[in-house]
Amino acid sequence: MKMTKKASILILLFVLLCRFLYPHTRFGYTDKWSTGFHDRLNVESATMKPGERISVTIVGVKKTATYSTSDFRIASVTPFGTVYAIRPGTAVISVRQGDSVYKCRITVDG
C-alpha cells in the first residue's frame, strides 16, 4: 500500500500539531518536556486532624514517584502518595521523581 506525498505531509502536520497543542498527553509526552510543565505538587501544604488522609501527587505526571516522610510518627505516606495524619505535629512529605524533589508540609492538629 503506497502513501502519496500529500498524505505523508498531512500525517506529519497532524502529528506536529498534536505534539504542540497537547504536550501533556501520552501521544506527545517525553521526559525532556516534563520538567518545564510539571514543577509542583497538587498539595503544597495541608493542615489535618489525626485519622484524616489526603493524596499528594506531582501535577500532570503519570510516572512513578518515590514518597517519604520526615517523621512517620506524625504523618505516614504510602508508595502511591496517600498521606495519613497520625498525631499532632509537623512532617514534610518528599516526592522524588528522577532528579527532582518536591516537598509538602503537613501539620497535624490534635
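User: Along strand 5, which side chains point to one face and are buried?
Analyst: This is a predicted model, and in it the side chains of strand 5 alternate. Thr 82 and Tyr 84 point to one face and are not buried. The side chains that point to the other face and are buried are Val 83 and Ala 85.

User: Let's stay with Val 83 in strand 5. At what relative accessibility does Val 83 count as buried?
Analyst: Buried means under 20% relative accessible area. Val 83 counts as buried because its relative accessibility falls under that cut-off. The value is 0%.

User: What does Val 83 touch, not counting residues up to four places away in sequence?
Analyst: The residues that Val 83 touches include Ala 75, Ser 76 and Val 77. Arg 53 is also touched, and its C-alpha atom is 5.3 Å from that of Val 83, though the two are 30 residues apart along the chain. The full list for Val 83 is Met 48, Glu 52, Arg 53, Ile 54, Val 56, Ala 75, Ser 76, Val 77, Ile 93 and Ile 106.

User: What is the order of the strands in the open sheet of 3 strands?
Analyst: The pairing in this sheet is antiparallel. Strand 2 (53–55) and strand 4 (75–77) are the edge strands, each pairing on one side only. Neighbouring strands are turned by 20° against each other on average, direction ignored. The order is 2-5-4.

User: In strand 5, what is the bridge partner of Ser 55?
Analyst: Strand 2 and strand 5 (residues 82–85) run antiparallel and are joined by 3 bridges. The bridge partner that Ser 55 has in strand 5 is Thr 82.

User: And on the strand 4 side, what stands opposite Ala 75 in strand 5?
Analyst: Strand 4 and strand 5 run antiparallel too, with 3 bridges joining them. The residue of strand 5 opposite Ala 75 is one of the buried ones along that strand. That residue is Ala 85.

User: Which residue takes a positive phi in the hairpin of strand 4 and strand 5?
Analyst: This hairpin has 4 residues between the strands. The positive phi is near 95°, and the residue that takes it is Gly 81.

User: Now for the open sheet formed by 4 strands: what is its order?
Analyst: Here the pairing is mixed. Strand 1 (45–48) and strand 3 (66–69) stand at the edges with a single partner strand each, so one side of each is left without a neighbour in the sheet. From one strand to the next, the twist averages 20°. The order is 1-7-6-3.

User: What is the bridge partner of Thr 66 in strand 6?
Analyst: Strand 3 and strand 6 (residues 89–97) pair in the antiparallel sense, over 4 bridges. For Thr 66, the bridge partner in strand 6 is Arg 96.

User: Is Gln 97 buried or exposed?
Analyst: Gln 97 is found in strand 6. Leaving aside neighbours within four places in sequence, its contacts are Ile 58, Val 61, Lys 63, Thr 64 and Ala 65. Its relative accessible area is 18%, and under 20% is the cut-off, so Gln 97 is buried.

User: How many salt bridges does the count come to, and which side chains meet?
Analyst: Side chains of opposite charge can pair when their charged atoms come close. The count comes to 1 salt bridge, with 3.1 Å from N to O. One partner is buried at a relative accessible area of 17%, namely Asp 71, while Arg 73 counts as partly exposed at 46%. The answer is 1, and the pair is Asp 71 and Arg 73.

User: Which residues make the nonpolar surface patch?
Analyst: One of them, Ile 9, has its place in helix 1 (residues 5–21). Ile 9 is partly exposed, with a relative accessible area of 44%. The patch covers about 300 Å², and its residues are Ile 9, Leu 10 and Leu 13.

User: Stepping back, how do the elements of the protein chain run from the N terminus on?
Analyst: The protein chain has 2 helices and 7 strands. Of its 110 residues, 28% count as buried. From the N terminus on, the elements run α-α-β-β-β-β-β-β-β.

Key:
Residues numbered from 1 in each chain as written. Predicted model: local features only at pLDDT ≥ 70, side-chain atom pairs only at ≥ 80, totals over all residues. Heavy atoms only, no water. Patch = residues over 30% accessible without salt bridge, like charges linked within 9 Å, V, L, I, M, F, W, Y side chains within 5 Å. Areas by Shrake-Rupley, 256 points an atom, 1.4 Å probe, with all protein chains shown as cover. Salt bridge = Lys/Arg side-chain N within 4 Å of Asp/Glu carboxyl O. Buried < 20%, exposed > 50% of the residue type's maximum accessible area, 1.4 Å probe, protein only. Pairing = 2+ DSSP bridges. Axes fitted to C-alpha atoms, helices over the stretch in contact; angles between N-to-C directions. Contact = heavy atoms within 4.5 Å.
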